[in-house]
Amino acid sequence: GFAYGYIRMTQLIGNDGSQSDTIIEVKLRYPGKHDRNMTSNHNWNIWVNPVGVDATVKQVETRCVAAGYVWNPYYTQLADPLNQDLYRQECGPDNPLRCYVGDVSTRIGPINIGGRRMVFTDSNFPLEGTVSALGRSIVIFGPDFSGSRFACAKIEPDHDIVKYVNLKKPPRFVVAQFLEDVRAVMGLPEWMLAIDSRSTKTLHNDACIQMIIHFKGPSAHQIEQDFSRLLASGRLDQPTVSIPGYVNAKRKKTLSYRTCGVRDPNDKDNRKGFFSGSGSNSTLKYSLGMLLSVLFCNRLL
């Protein structure tokens, strides 16, 4: 890709079908862990179709072509669609309902890549109902109000799955390093896998650690399943999230962390079984495994 990060949209839907304004969070930078380049004044729109591999092509002329054109579901200015002077007079931050629904930057302003997180409020960015931006695309144009398509992505629902995980705690265990190792094997960006650090605690005399992990994004369910398989087997042959046309030949496929049960791994085996010749009943003790509750939290973003 040509931009790294996310654009997250949040809208509240009432029981009566009413819709709040949409809160838009933009956090984008250039690809590369240490890339600190910054560009500003990127126009951005909602286009009618989803994009695919065309989002990753190097040629600017053919990049994001599958997106089609700016989304205009209410046929704004249909009587004179080629009169751009009239459109610019009527459409703007002070009169957002006279803009195409997809003309986001004219309503709320351009965005920057490589700078701080930006937050906007848009009164005309529907995410639910018969007129919805879901399944369409965000198209970002070049810096300084360029007309060239720079980057694009499909607009998809954002889920948040929460799960308790107990891990055997190796020497010098660091939560941040554990997250980085898991993300590297699964091919995940940092915003798709996170830990609630306020709820992290040790168990069994510091032999284990319990964490609450959040799996986020459109592929949250698949991420949770692959994470469970990775901890169970210690291996994941294919990344959960892949970039079309890009193969990371240096990606690790194994993980050394293992899950921890409810019993203290430092304790000796408490199971006893014997039969005495005096006729006493045999005794057998079992440890019952704790059923971890998994809370599914779905948010339409």
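Arg235 counts as partly exposed, because its relative accessibility is 43%. Its side chain meets that of Asp237 in a salt bridge. This is a predicted model. A search of the whole structure finds 12 salt bridges and 10 aromatic pairs. The points below take up charged pairs, aromatic rings and one buried polar residue.

**Salt bridges at partly exposed positions**

- The bridge between Arg235 and Asp237 spans 2.7 Å, N to O.
- Asp237 has a relative accessibility of 42%, so Asp237 counts as partly exposed.
- Arg98 and Glu90 also join their side chains in a salt bridge, at 2.5 Å from N to O.
- Arg98 is at 31% relative accessibility and therefore counts as partly exposed.
- Glu90 is at 28%, so Glu90 counts as partly exposed too.
- Side chains of opposite charge can pair when their charged atoms come close.

**A buried salt bridge and its network**

- Arg8 and Asp158 form a salt bridge through their side chains, with 3.0 Å from N to O.
- Arg8 belongs to strand 1 (residues 4–10), while Asp158 sits in the loop between strand 8 (149–154) and strand 9 (159–168).
- The two residues are 150 apart in sequence, so their pairing ties together distant parts of the chain.
- Arg8 is buried, and Asp158 is buried as well.
- Salt bridges with shared partners link Arg8, Glu25, Arg117 and Asp158 in one network.

**Charges over rings**

- Arg8 has a further partner: its charged end sits over the ring of Tyr6, 4.6 Å from the ring centre.
- Arg63 lies over the face of Phe2, and the distance to the ring centre is 3.6 Å.

**Aromatic pairs and a cluster**

- The whole structure holds 10 aromatic pairs.
- One of them joins Trp44 and Phe120 in a tilted arrangement.
- Their centres are 5.9 Å apart, with 45 degrees between the planes.
- Trp44 lies in strand 4 (residues 44–47) and Phe120 in strand 6 (residues 118–122).
- These residues are 76 apart in sequence, so the pair ties together two separate strands.
- Both Trp44 and Phe120 are buried.
- Phe173 and Phe178 make another tilted pair, at 6.1 Å centre to centre and 45 degrees between the planes.
- Phe173 is buried, and so is Phe178.
- Tyr4, Tyr6 and Trp191 come together in one aromatic cluster.
- Tyr6 thus appears in two settings: the ring of Tyr6 is in this cluster, and the charged end of Arg8 sits over it.

**Gln210, a buried polar residue**

- Gln210 is part of strand 12 (residues 208–217).
- Its relative accessible area is 10%, so Gln210 is buried.
- The Gln210 side chain makes a polar contact with the side chain of Asn166, at 3.2 Å.
- Beyond its neighbours within four places in sequence, Gln210 is in contact with Tyr164, Val165 and Asn166.
- Setting those same neighbours aside, its contacts also include Ser199, Thr200, Lys201 and Leu203.

Conventions. Residues are numbered from 1 along each chain as its sequence is written. This is a predicted model: local features need pLDDT of at least 70, side-chain atom pairs count only at pLDDT 80 or more; totals for chains, interfaces and linings use all residues. Side-chain values use heavy atoms; hydrogens and water are left out. A salt bridge is a side-chain nitrogen of Lys or Arg within 4 Å of a carboxyl oxygen of Asp or Glu. Helices (H or I, at least four residues) and strands (E, at least two) are DSSP runs, numbered from the N terminus. Buried means under 20% relative accessible area, exposed over 50%, partly exposed in between (1.4 Å probe, protein chains only). A polar contact is a pair of N or O atoms within 3.5 Å; within protein, one must be able to donate a hydrogen and the other to accept it, and residues adjacent in sequence count only if both atoms are side-chain atoms. Contact means heavy atoms within 4.5 Å. Rings of Phe, Tyr and Trp (its six-membered ring) pair if their centres lie within 6.5 Å; planes under 30 degrees apart count as stacked, over 60 as edge-to-face and the rest as tilted. A charge sits over a ring if NZ of Lys or CZ of Arg is within 6 Å of the ring centre and within 35 degrees of the ring normal.
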